[in-house]
Amino acid sequence: MTPYQTSEATLSLCRMAPVIPVLVIRDPAHAQPLARALVAGGLPVLEVTLRTPAALEVITEMSRIPGAVVGAGTVLSPKDVRAVAAAGAGFAVSPGSTDRLLAACAERALPILPGAATATEAMRLLELGYTTQKFFPAEVAGGVAALRALAAPLPQITFCPTGGIGLANGADYLALSNVACVGGSWVASADLIAQGDWDGITALARAAAALPRSG
Ligand code: 3PG
């Protein structure tokens, strides 16, 4: 199989901060203040999930905030790839990976953080050139112990685990040699966003940004 693209760009994104906030945003009016709050707290790389009708507009609005590096999450199809690229997304994140999805990102040179949850899935992505991958759903798929086990035979893969991670267990993941950053929704919960508690979100972002990491 022909390699699609390398993971250099996604690895650089993953190294910018220890945590990528996973965002579900319903009201486009929340986009700019939320992005400002997260960037102020030290988390510049933002994943806006395609789970609300507002998501594409939110990506465009957030991209206007200085210092924000805005990507799209829950990208599942070539149609999604076209839409998020047009909205100005700088990268894509997917819970798994399919040939069509990977090819669509490669065609547009859109960096993608593709999901894997098993050694076989990770190896398939590795064959295609993707050395930086999302490990999802992290806690359910074996968590820290699974990632430590994968590091032995597959040390060349760097992961961004996501799913079930928070401030309490984030440090355990970030201590692993094969983890560059983690993803999580805890820094910007639906409740805090609905309340417009931007200071509260900045405080959570600051705590997340201070998590030590070694990978
Ligand atoms: C998701 O896709 O929702 C992410 O995995 C976030 O998971 P979390 O809500 O457990 O952080």
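Reader: What makes the space taken by the ligand a pocket in this predicted model?

Author: In this predicted model, the ligand takes the space of the largest pocket. A molecule is placed in a pocket if more than half of its atoms lie within 2 Å of the grid points, so the ligand is said to sit there. The volume of the largest pocket is about 190 Å³. Its lining has 18 residues, and the closest to the centre are Val 22, Arg 51, Lys 134, Phe 136 and Thr 162.

Reader: What makes Gly 163 one of the residues around the ligand?

Author: The criterion is a heavy atom within 4 Å of the ligand. Gly 163 is listed with Val 22, Arg 51, Phe 136, Thr 162, Gly 164, Gly 184 and Ser 185, and therefore meets that criterion.

Reader: Why is the pair formed by Arg 51 and the ligand called a polar contact?

Author: A polar side-chain atom of Arg 51 lies 2.5 Å from a ligand oxygen atom. The limit for a pair of N or O atoms is 3.5 Å, so the pair qualifies. The side chain of Ser 185 has an N or O atom 2.5 Å from an oxygen atom of the ligand, and a polar backbone atom of Gly 164 is 2.7 Å from a ligand oxygen. Of the 310 Å² that the ligand exposes when taken alone, the protein buries 76%.

Reader: How are the residues of the shell around the ligand divided, and how those of the pocket lining?

Author: The shell has 2 nonpolar, 5 polar and 1 charged residues. Gly counts as polar, so Gly 163, Gly 164 and Gly 184 belong to the polar group. The lining of the largest pocket has 6 nonpolar, 9 polar and 3 charged residues.

Reader: What is the omega of the peptide bond from Phe 136 to Pro 137, and where is Pro 137?

Author: Omega is near -5 degrees, and the bond is cis. Pro 137 is in the loop between strand 7 (132-135) and helix 7 (143-151).

Methods: Residues numbered from 1 in each chain as written. Predicted model: local features only at pLDDT ≥ 70, side-chain atom pairs only at ≥ 80, totals over all residues. Heavy atoms only, no water. Polar contact = N/O pair within 3.5 Å; in protein donor to acceptor, adjacent residues only side chain to side chain. Areas by Shrake-Rupley, 256 points an atom, 1.4 Å probe, with all protein chains shown as cover. 1 Å grid on protein atoms, 1.4 Å probe; cavity = no way out; pocket = protein on both sides within 12 Å on 5 of 7 lines; lining within 4 Å. Points joined across faces, edges and corners; volume = space filled by probe spheres on them. Helix = DSSP H or I, 4+ residues; strand = E, 2+ residues; numbered from the N terminus.
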